[in-house]
Amino acid sequence: MHVRRAYRYELDPNNSQKSSLLRHAGVARFVYNWGLEQRLIQYKNNRGNERFADAMKQHKLLTSLKKTHFSWMYECSKCAPQEALRDLDRAFKNFYRGLKTGKRIGFPKFKRKGVHDSFRLYGIIRFEGRKLQLPRIGKVRVKEKKENYHGGRILSVTVRKRADRWFASLTVVEEIPDPNPIKGPVIGVDIGVKTLATLSDGTTFSNPKALGRRLKKLRRLSKSFSRKKSRSKNYEKVRLKLAKMYLKTFNIRQDTLHKLTTYLAKNHSEIVIEDLNVSGMMKNRRIARAIADVGMFEFRRQLAYKCTWYGSQLVVVSKTYPSSKICSSCGHKKKVLSLSKRDYVCEVCGLRIDRDLNAARNLVTVSLPETQTACGEDVRLYDSSGIMTQTSEKQEPNSSHRS
Ligand SMILES: [Zn+2]
C-alpha cells in the first residue's frame, strides 16, 4: 500500500540561506495578495457576473508580468508563486463550499508580513547527509541528527517560519505493507478539555502537566500583549515571545496526541468517537478551549490515517446522538444533564459513574449493529481521510466502509 506521510524537520539555515528563505516567503505572500487583488478587481468590473479567474489563468498572466514588472522574482524558485496561486484557489474553493454547505468559512484574506510566513517547493529535494537540498535555496542543515530521514520519494516541501525558527514539512510517498485487520476490542473514546481522553474500558489520558503551566503563562502574556501599543519596540518583543510560547504549547499537545492515537489505532479493531461540534468551536475565545479545539481536529486527523496504517476502523457518531445523557447500563435517557455535574447518576438503575466514562461506553454501544437499527440513531462512518462514506440506516456498518 502506498501512503503519503509528512515529516517535519527544523532547519538550521545560515545567514544567506535565511534571507533566501525570507525572500521565497515574501514572493509567495506577494503573489497570493496580488492574485487576490486581481480576482477582486475582476469581480467588481463584471459586477459579480463572472467567476474569478482560476490559478492557471492567473499564473499565465503572472509569468508575462514577471519580465516587465516583477523581475525580482527571478531570484526565487518559480514554484513559490505557482503554489501561492494554488493556495489562493483552494481558499476560494473552500469559501464556496462553505456557502453551499452552510459552514462559515471566511472569505480569503490578504496575507501580512510575519504572520504565517510560508512557501511550497517541488523539484529536486533530497537529503545529503544531514543537509536538505532545496531548489534555489541550496543545502540547508537540519537540526535533528538521524540515520535515515525518511523512507520514500519526496513529493514536495512546505517551508514555514514559526516564531523565529524555520521548519520544513516534507510530503513523502512510502510503500508500506498492507495491514492485517486488528483483532482487538471495540473502544469508545470521549475527548474533553479537562481529561484529554476517557476510554470506554476505563483508561484515561490526561493532559501533560507542562501544558497547564504553559497555558497559564500564555494567558498572562497575551493579556500584556493586548495592552502594548502596536509597532513599538516592546510590541515586537512580546509578539515574538508569544509566538515562541504558542509553538512550544502546540508541540507538547502534538506529542501527547500522537501517543494517544497510536495506542488506539494499534490495539483496537474499532474506535468510536463523537463528531466535532464545529460551530460551537469557532465562537470560543478562551485559550485553553481554543487549543483543545485544535487538538480535537488534530486527534481525528491522526486517528484517521493511523487506522488505515495499522488496520483498525474509525467510526464517527453524529453529534445529535446524546451520548452523555444516556445511562450506559440500562439505557435510560435523561432529559437534562448539567455540564457542571462530573458524575452520571441514573435514577432508574442507580448507576453512579464518571460522566466521560459513561459517554465513552455509550459510543461503543452505538457502534454495535443490533443497537444501531434498534434505536435508529444517526451513525455515520468515515473512511481514512475523514470523508463520510455512508449512514448506518442504509447499510450494515461492518461491510464496505473500509477503503
Ligand atoms: Zn441506568
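Is Cys349 buried, partly exposed or exposed, and what is its relative accessibility? Keep that in mind as you open the model, which is a predicted one. The tour begins at the metal.

**Stop 1: the zinc ion**

Select the zinc ion and show the side chains of Cys327, Cys330, Cys346 and Cys349. Their SG atoms are the protein donors, and they lie 2.3 to 2.4 Å from the zinc ion. Turn the view until you can see the four donor atoms together: the angles among them run from 107 to 113°, and the site is tetrahedral. If you have the sequence panel open, look for the spacing of these donors along the chain, C-x2-C-x15-C-x2-C.

Now colour the cysteines by accessibility. Cys349 has 37% relative accessibility, so this residue counts as partly exposed, which settles the opening question. Cys346 is at 3% and counts as buried, because buried means under 20%. Cys327 is buried as well, with a relative accessible area of 1%.

While you are looking at sulfur atoms, how many disulfides does the count come to? With a disulfide taken as a pair of cysteine sulfur atoms within 2.5 Å, the count comes to zero.

**Stop 2: the sheet of three strands**

Next, select residues 126–128, 131–134 and 138–141. The first of these ranges is strand 3 and the last is strand 5, while residues 131–134 make up strand 4. Together they form an open sheet in the order 3-4-5, and the pairing is antiparallel. Strands 3 and 5 stand at the edges with a single partner strand each, so one side of each has no neighbour in the sheet. Look along the sheet to see the twist: neighbouring strands are turned by 35° against each other on average, ignoring direction.

Zoom in on the pair formed by strands 4 and 5, which is antiparallel and runs over four bridges. Label Lys131 here, and you will find Arg141 of strand 5 opposite.

**Stop 3: the sheet of four strands**

Move on to another open sheet, where four strands follow the order 1-7-6-2 with antiparallel pairing. Its edges are strand 1 (2–11) and strand 2 (118–121), each of which pairs on one side only. The twist here averages 20° from one strand to the next.

Now select strand 2 along with strand 6, residues 153–162; the two pair in the antiparallel sense over four bridges. Which residue of strand 6 stands opposite Arg120? Label Thr158 to see the partner position.

**Stop 4: His268 and its loop**

Select His268, which sits in the loop between helix 5 (233–267) and strand 11 (270–274). His268 is buried, with a relative accessible area of 3%. Then add Leu264 to the selection and show its backbone: the backbone oxygen of Leu264 lies 2.9 Å from a polar atom of the His268 side chain.

**Stop 5: Arg213 on helix 4**

For the last stop, select helix 4, residues 209–227, and pick out Arg213 within it. Is this Arg213 buried or exposed? Arg213 is exposed, with a relative accessible area of 57%. To finish, draw a distance line from the C-alpha atom of Arg213 to that of Thr249: the two residues are 36 apart along the chain, and these atoms are separated by 9.6 Å.

Terms used
Residues numbered from 1 in each chain as written. Predicted model: local features only at pLDDT ≥ 70, side-chain atom pairs only at ≥ 80, totals over all residues. Heavy atoms only, no water. Pairing = 2+ DSSP bridges. Axes fitted to C-alpha atoms, helices over the stretch in contact; angles between N-to-C directions. Donors = N, O, S within 2.8 Å, 3.2 Å for Na, K, Ca; no water. Tetrahedral: all angles 85-135°; square planar, octahedral: opposite > 155°, others 65-115°. Buried < 20%, exposed > 50% of the residue type's maximum accessible area, 1.4 Å probe, protein only. Polar contact = N/O pair within 3.5 Å; in protein donor to acceptor, adjacent residues only side chain to side chain.
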